[in-house]
Amino acid sequence: AFTCVQQGNQLRVLLSWQNPVAYDGVEIIRNGTSLGTFPPASPREDTVPACGLYNYSIRGTAGGFASDLVARSVDVALVPAAASGVTCQQVGLDPQVRLTWTNNGAYESIEIIRNGAQVALLGLVTTYTDTVPSQGTYDYSVVPHLCGNVAPPATCTAQVRTEVAPPGSFLCAQRDNIFLVDLSWTNPVVYTKIEIYRGGVKIAEPAPSASGGRRKTSRSAGS
């Protein structure tokens, strides 16, 4: 009996057979092309180049003679692993959302779905910027495709505002018994600039990603 079976989720096929007589060798043919004549011991593993249907034939050789061909087929398919680490965040105050993720394998394509509808079909990339129609909440899915199969979606949600959302959880507290005040806040969106004012006068412009700092006060109480 001759069998050919895909090995797990890999591009490998295990060929097994029984030798009714003592062969000198066994020739293996894949899709009409000879892969060579090998020692007659079974089984033997073959690595294929891609997904698809493969037709295998084998025949034994002995003393310069060859047996009839025995044929079997196997459909090789791969199931893609899901992407991971998906993030989606508005770009400044633009009506755009930037998605990033990690690929966990080689995919044929990556589908981006926004609120249930496809917005892009990409190659093997790890980032995409989507232009949305208006402000609001958007649910995204990153779905890899391979060999006609799809991976489970990796999801994230973005809140898009086209007006500046103020920093949240803003706190300021004097440090010990000195003229220093600790400031802290959270950034609900990706800012392009942050300005700090004291008494109506700008005193600092930290990095847009900052979420806190230490500022000197004036030398008099209540400033």
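These questions and answers cover the cores and some local backbone features of a predicted model. Residues are numbered from 1 along each chain as its sequence is written, and side-chain values use heavy atoms, without hydrogens and water. Local features need pLDDT of at least 70, side-chain atom pairs count only at pLDDT 80 or more, and totals for chains, interfaces and linings use all residues.

User: Which element gives the largest share of the largest nonpolar core?
Analyst: A nonpolar core is a set of buried Ala, Val, Leu, Ile, Met, Phe, Trp, Tyr and Cys residues joined through side-chain atoms within 4.5 Å. Buried means under 20% relative accessible area, exposed over 50%, partly exposed in between (1.4 Å probe, protein chains only). This core has 20 residues, with Trp101 among those touching the most other members. The largest share, four residues, comes from β16.

User: Is Gln90 buried or exposed?
Analyst: Gln90 lies in strand β9; strands (E, at least two residues) are DSSP runs, numbered from the N terminus. A polar atom of its side chain lies 2.5 Å from the backbone oxygen of Arg161. Because its relative accessibility is 4%, Gln90 counts as buried.

User: Which residue does a cis peptide bond join to Ser42?
Analyst: Most peptide bonds are trans. Here omega is about 0°. The partner sits in the loop between β4 and β5. It is Pro43.

User: What is phi of Cys147 near?
Analyst: Cys147 is in the loop between β14 and β15. Its relative accessible area is 18%, so Cys147 is buried. Most residues other than glycine have a negative phi. For Cys147 phi is positive, near 55°.

Technical notes: Polar contact = N/O pair within 3.5 Å; in protein donor to acceptor, adjacent residues only side chain to side chain.
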